[in-house]
Amino acid sequence: MRGRMNAGLLVGGVLVGMVVLAALVSFFWTPHDPTLVDAAGKLREPGDGYLLGADKFGRDTFSQLMVGARTTLYVGIVAVGIAAVVGTPLGMAAGMTPRGWLSELIMRVNDLVFAFPALLLAVMLGAVYGAGTLTAMIAIGVATVPAFARVARAATLQVMVTDYVLAARAAGRRRPAIAFRHVLPNIGSVLIVQASVSFAIAILAEAALSFLGFGTRPPTPSWGRMLQESQELLFSTPRLALWPGLAIALAVLGFNLLGDGLRDFLDPKLRRIRAEG
Amino acid sequence: MRRIGIWIAVGGLLLSTAACGGGDAGTGGDGGAPAAQTLSVGFVAEPANLDFTSTEGVAIPQALLVNVYEGLVKLDQNGEIVPLLAEKWEVSDDRKSYTFTLRKNVTFSSGAPFTADDVVFSLERLKTDWKLKIAAQLDVIDTVEKTDDSTVVVTLERPSNGFLYTLATRLGAMFSRTGVSDLANKPVGTGPYVLGSWRRGDSIELKPNPTYWGTKPSASSVTLKYFKDATAMNNALLTGGIDVISNVQAPESLQQFADPNRFQTIEGTTNGEVVLSMNNGRPPFDDKKVRQAVRHAIDHQALLDTAWAGRGQLIGSMVPPTDPWYEDRTGDYPYDPAKAKELLGGKTYDVKMRIPNLPYAVNSAQVVKSQLAQVGINAEIEPLEFPARWLDAVFTQADYDLSIISHVEPRDMNIFADESYYFRYDNPEFGELLAAADEGTEEEQTELRKQAAKLLSDDAAADFLFLMPNLMVAKKGITGLPKNAISESFDFTGLAKQ
């Protein structure tokens with residue numbers, strides 16, 4: 001039963017685990033200094049302690065990938081954190097007052113933000129406050145808020161009609177108490193799944209922004225900027241684009257699979273059906 | 001003498017999706033008549049309008065000067081001043097009076113004849129109608145007088161070596177008395193080309209001027225096509241959308257064009273000194289020793305090899321090799337990290353490197369940062385959107401410690417003489433040398449300017465990373481491309497396809 005259920009979870013967990021491991025290890029050790037320019041080692045072929053070779057500045061690609069994983073996770077955690085912390089309470093508030101003016105206000109503003117492209121917001125913030133990892137994280141986070149709010153609202157609506165909530169309301173419990181005691185624990189699994197999927201989107205967004213020069217500042221390694229710097233060498237040294245591209249693809253795949261796997265794993269209905277079948 | 005520098009207005013890496021070739025390649029056919037030649041050339045910066053008397057930026061004179069507008073003189077490929085609309089000129093003994101003999105039978109594209117009256121009109125407009133600060137470079141002109149229809153006498157307030165040279169720039173362009181009503185859209189000049197059409201945001205087409213006085217161009221149409229993105233321009237050449245890349249912005253990509261049966265690569269020089277500016281006006285770079293340490297800490301050859309694929313030239317001061325007073329000053333501060341550390345006295349510094357978000361600056365900055373870190377200077381890189389944000393923060397407010405920018409104006413050492421310029425370099429001796437050079441004889445000028453360049457290097461007013469190469473890639477069989485980009489214009493006069 002568990003094996004069938006966890007295929008996505010397992011693969012996703014391994015991929016995400018690799019990214020996390022690379023990021024953690026990079027704090028203590030990388031094969032080489034990822035930002036040290038070494039003209040003699042320009043476009044060094046893989047080998048001799050340089051596992052994946054070096055870029056046009058003679059910087060070790062593998063070390064850059066490791067530190068780039070750190071940047072990726074950092075952006076993902078902060079962006080998803082912003083979205084979860086802001087979006088969840090808003091969605092819950094809207095879900096608990098389904099026909100009130102508050103719900104309307106929250107959801108219509110939500111629609112407005114949702115309609116605004118995340119990358120455009122990041123480019124705007126970057127142009128005004130200076131491009132950097134921080135502005136990129138905030139922009140991606142703000143743009144992800146509506147997704148959280150919607151999911152939280154939908155899940156809250158379902159929870160609000162359950163017997164235990166009706167009982168709690170009949171017993172005269174106040175709304176905040178209901179929200180924390182009954183609603184939040186029951187929509188938690190949905191939020192975790194949403195966080196995982198949003199994380200994947202945030203990784204892509206950071207890579208895109210760094211590629212465009214509005215994300216992580218040089219020389220801090222970032223997968224997106226590694227791609228951008230390898231662009232002019234695409235025909236002569238394609239491996240420079242291959243590795244960061246692969247890293248982005250696997251990390252995004254990992255978080256998506258993890259999200260899917262978690263949804264199956266955490267959904268009690270699905271679990272029951274499978275157990276019976 | 002004040003000058004406002006103008007930079008290569010390379011559009012930053014914006015959200016430009018690949019602009020694929022529109023298929024307007026030259027398809028005259030190899031056996032076709034030469035009259036059917038259409039050529040298109042890729043550029044990076046599109047002009048905002050076509051009036052270089054009121055709008056800054058090198059893109060306008062790049063397209064129009066020498067091609068549509070002509071001056072009395074022009075710069076040839078070696079940097080020599082040669083006759084154009086003036087057949088010859090004589091300089092008086094006190095070197096304050098220039099007598100120009102004009103070429104006869106020259107007409108503007110509007111049909112109006114070009115006469116001495118137009119020369120007087122054009123040079124007087126500098127004071128009345130030009131809105132650019134650089135127009136002040138010809139403030140040295142005292143009077144302009146017509147002697148007869150083909151003779152003009154220009155009298156200067158003082159002898160000036162820079163006068164004739166400046167006449168070869170856009171400031172010396174000749175306008176028709178009846179053709180200046182709509183300069184932004186309808187340029188009227190005496191040049192070999194006239195404006196065909198302008199598709200804004202895309203391209204400008206130049207057509208041959210049927211009444212041109214000199215050798216008529218062999219191309220029946222030259223299109224200047226504008227690309228914001230270097231890769232898009234590369235792809236356009238690969239797929240046949242354009243015939244020439246006028247300035248390669250991604251030198252590592254040149255391998256794509258290595259096939260000699262299809263492409264030719266042309267490398268010449270420019271006036272674009274890539275300068276590592278140091279803010280002389282505030283700590284830590286107000287201390288000459290710290291600035292000298294920076295110059296010793298940078299391995300310039302390594303920087304050129306990694307940041308710009310080894311293309312370009314090391315210069316060591318603010319003078320390109322095409323200027324008569326060029327001297328190789330790269331030996332002044334050899335790469336010596338130990339010496340740099342010694343000059344810093346064991347201290348470490350945290351500084352801000354605020355650079356424009358242009359490829360050469362972002363590449364160079366990463367090398368500079370890595371090398372400065374070796375001697376104890378920690379430079380934080382901050383790319384700013386170019387031009388607006390960079391111009392405001394660094395150039396106007398001088399709120400920076402280090403920056404990197406290519407200064408593309410010809411003979412622009414003078415900018416260091418202005419203590420309010422963003423370098424905040426303040427050494428009166430330098431200004432005196434340049435003033436004396438402008439008034440002296442040509443030999444004196446060369447000698448004094450050499451001294452000035454040496455002083456600049458000794459003082460470590462800035463570090464001079466490298467001279468931007470003029471890198472062009474063209475389809476095989478394209479001839480007449482200007483190898484060196486040392487004037488403001490991209491000269492299409494001899495452009496042809498075989």
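## A tour that starts at helix 6 of chain B

Select helix 6 (residues 300-307) of chain B: six of its eight residues are buried, so this helix is mostly covered. Here, buried means under 20% relative accessible area with a 1.4 Å probe, counting protein chains only, and helices are DSSP runs of H or I with at least four residues, strands runs of E with at least two, both numbered from the N terminus.

This is a predicted model, in which local features need pLDDT of at least 70 and side-chain atom pairs count only at pLDDT 80 or more, while totals for chains, interfaces and linings use all residues. Residues are numbered from 1 along each chain as its sequence is written, chains are lettered from A and ligands numbered from 1 in the order in which they are written, and side-chain values use heavy atoms, leaving out hydrogens and water.

**Around helix 6.** Show the side chains of H300(B), A302(B), L303(B), L304(B), T306(B) and A307(B), the buried residues of helix 6 of chain B. What do they pack against? Add helix 5, helix 8 (359-373) and strand 16 (462-475) of chain B to see their partners. Just after helix 6 of chain B, stop at A309(B), where phi is positive, about 55°.

**Confidence in chain B.** Now colour by pLDDT, the predictor's confidence in each residue from 0 to 100. Chain B has a mean pLDDT of 88, with 93% of its residues at 70 or more. Among the elements of chain B, helix 5 (residues 288-297) of chain B has the highest mean, 96, and helix 9 (residues 388-396) of chain B the lowest, 88. Next select residues 1-35 of chain B, where the pLDDT is below 50; beyond near neighbours in sequence, this stretch has 77 contacts in the model (contact: heavy atoms within 4.5 Å). Where pLDDT is low, the predicted coordinates should not be read in detail.

**The annotated span.** Select residues 80-406 of chain B, which an unreviewed UniProt entry labels "domain: Solute-binding protein family"; such annotations may be inferred rather than shown by experiment. This span is 24% helix and 27% strand, and its end C-alpha atoms lie 23 Å apart.

**Across to chain A.** How many helices and strands does chain A have? Chain A has eleven helices and zero strands. Its C-alpha trace spans about 75 × 50 × 30 Å along the principal axes, and 47% of the 277 residues in chain A are buried. Of the contacts in chain A between residues at least 6 apart in sequence, 70% join residues at least 24 apart.

To finish, zoom out to the whole model, which scores ipTM 0.85 and pTM 0.83.

Technical notes. Buried means under 20% relative accessible area, exposed over 50%, partly exposed in between (1.4 Å probe, protein chains only).
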